[in-house]
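Colleague: I am new to reading protein models, and I would like to go through this one slowly. Could we take it piece by piece, with the reasoning spelled out each time?

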Amino acid sequence: MNLLAFDTGTDALSIAVQHGARVWQHSGAGGAQASATLIPAIRDLLAQAGLSFDQLDAVVFGRGPGSFTGLRTACAVAQGLAFGARGGQGVPVLPVDTLLAVAEEARAQHGCTRVVATLDARMNEVYAAPFEWQADGRWQVPQDFQLLAPEALAVPDGWTVAGNARAAYGERLAPQAPHMHALPTAAALLRLAPALMAAGAGVAADAALPRYIRDKVAQTTAEREAARQAAPAPQT
């Protein structure tokens, strides 16, 4: 298949293009910068792969949870490109959970098969969900994801914590568990895509939506001050 995949849900921008058996990848700064750089970077990567939008079979994007601005950017770009692909006939969109992509990246990079995937949700919270690799070569995906304080994360024996939250919260996050750094890369999205497409997860462009877990995206001045006072003092 010819696939375009991208994730802008973290501070890292990740794009990948699959043309047959080959994959081209690009990474850069995410966050607020992704809205300005995503489409030009996609065009450049497609050109490197020798593909046009009319040759794509699907557009894959990380749907969240993650940065609200990043998720909205990814969803809007995925919808627009999918609508216009193949001369306006359109192609399916495959929204993929970012925590699932974290688990897949941990498996590919570190061989982890029992993963508590985490992402920094800011505001002294983490997004988290457990994933277990099955004998049939697919991940067992939980029905619900969690939003919780880093100290509240429970990790079963024999499981690995993967993601980017350890860098933000240090020993506050599951100090007794093994940790691996992993991000929801576009390459991970591509590896997940065949099984998800076969399971019918591809949707029409207008049905592709972000996955939000937190409704509130900003703190009041009083809440920010309370969080600052509650944060542990820096060690010297």
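Colleague: How far does α3 reach from its first C-alpha to its last?

Modeller: Please keep in mind that this is a predicted model, and that the values we discuss are computed from it. Helix α3 has 13 residues, and at 1.5 Å a residue the expected reach is 18 Å. The reach from the first C-alpha of α3 to the last is close to that expectation, and it comes to 18 Å.

Colleague: Which residue just after α3 takes a positive phi, and of about what value?

Modeller: Helix α3 covers residues 98-110, and the place to look is just after that stretch. The residue there is a glycine, number 111, and its positive phi is about 75°.

Colleague: At what angle do the axes of α3 and α5 cross?

Modeller: In general, two packed helices are described by the angle between their axes and the distance between the axes. For helix α3 and helix α5 (residues 186-198), the axes come within 9 Å. Angles of 65 to 115 degrees count as roughly perpendicular. Helix α3 is therefore roughly perpendicular to α5, since the crossing angle is roughly 100°.

Colleague: How do the residues of the contact of α3 with α5 divide into nonpolar, polar and charged?

Modeller: From α3 the contact takes Leu100, Ala101, Glu104, Glu105 and Ala108, while α5 brings Ala188, Leu189, Arg191 and Leu192. Leucine and alanine count as nonpolar, whereas glutamate and arginine count as charged. The division of these residues is thus 6 nonpolar, no polar and 3 charged.

Colleague: In what order do the strands of the open sheet lie?

Modeller: The sheet has 5 strands, and its pairing is mixed. Its edge strands are β3 and β5, each of which pairs on one side only, and the twist from one strand to the next averages 15°. Reading across the sheet, the order is β3-β2-β1-β4-β5.

Colleague: Which strands of the sheet does α3 touch?

Modeller: Helix α3 packs on the sheet, and its direction makes about 70° with that of β5. Helix α5, for its part, lies across β1, β2, β3, β4 and β5, running at about 125° to β1. The strands that α3 touches are β1, β4 and β5.

Colleague: How many bridges join β1 to β2?

Modeller: Strand β1 (residues 2-7) and β2 run antiparallel, and a hairpin of 4 residues joins them. Within this pairing, leucine 4 has valine 17 as its bridge partner, and leucine 3 stands opposite glutamine 18. The number of bridges that join β1 to β2 is 6.

Colleague: Which residue in the turn between β2 and β3 has a positive phi?

Modeller: Strands β2 and β3 pair in the antiparallel sense over 8 bridges, with isoleucine 15 opposite histidine 26. Their hairpin has 2 residues between the strands, and a positive phi of about 70° in the turn belongs to glycine 20.

Colleague: How many of the residues of β2 are buried?

Modeller: Strand β2 spans residues 12-19, and it is described as mostly covered. To count as buried, a residue must have under 20% relative accessible area. Of the 8 residues in β2, the number buried is 6.

Colleague: What covers the buried residues of α1?

Modeller: Helix α1 has 16 residues and reaches 21 Å, close to the 22 Å expected. Its buried residues are Ala34, Leu38, Ala41, Ile42, Leu45, Leu46 and Ala49. What covers them includes β1, β2, β3 and α2.

Colleague: Is glutamine 143 buried or exposed?

Modeller: Glutamine 143 is found in the loop between β8 and β9. Its relative accessibility is 71%, and the cut-off to apply is over 50%. Glutamine 143 therefore counts as exposed.

Colleague: Which residues is methionine 180 in contact with, leaving aside its neighbours within four places in sequence?

Modeller: Methionine 180 has its place in strand β11, and with a relative accessible area of 32% it is partly exposed. Once the neighbours within four places in sequence are left aside, the contacts of methionine 180 are His110, Cys112, Thr160, Val161, Ala162 and Gly163.

Methods. Residues numbered from 1 in each chain as written. Predicted model: local features only at pLDDT ≥ 70, side-chain atom pairs only at ≥ 80, totals over all residues. Heavy atoms only, no water. Axes fitted to C-alpha atoms, helices over the stretch in contact; angles between N-to-C directions. Parallel < 35°, antiparallel > 145°, perpendicular 65-115°, else oblique. Contact = heavy atoms within 4.5 Å. Expected span 1.5 Å × (residues − 1). Buried < 20%, exposed > 50% of the residue type's maximum accessible area, 1.4 Å probe, protein only. Pairing = 2+ DSSP bridges.
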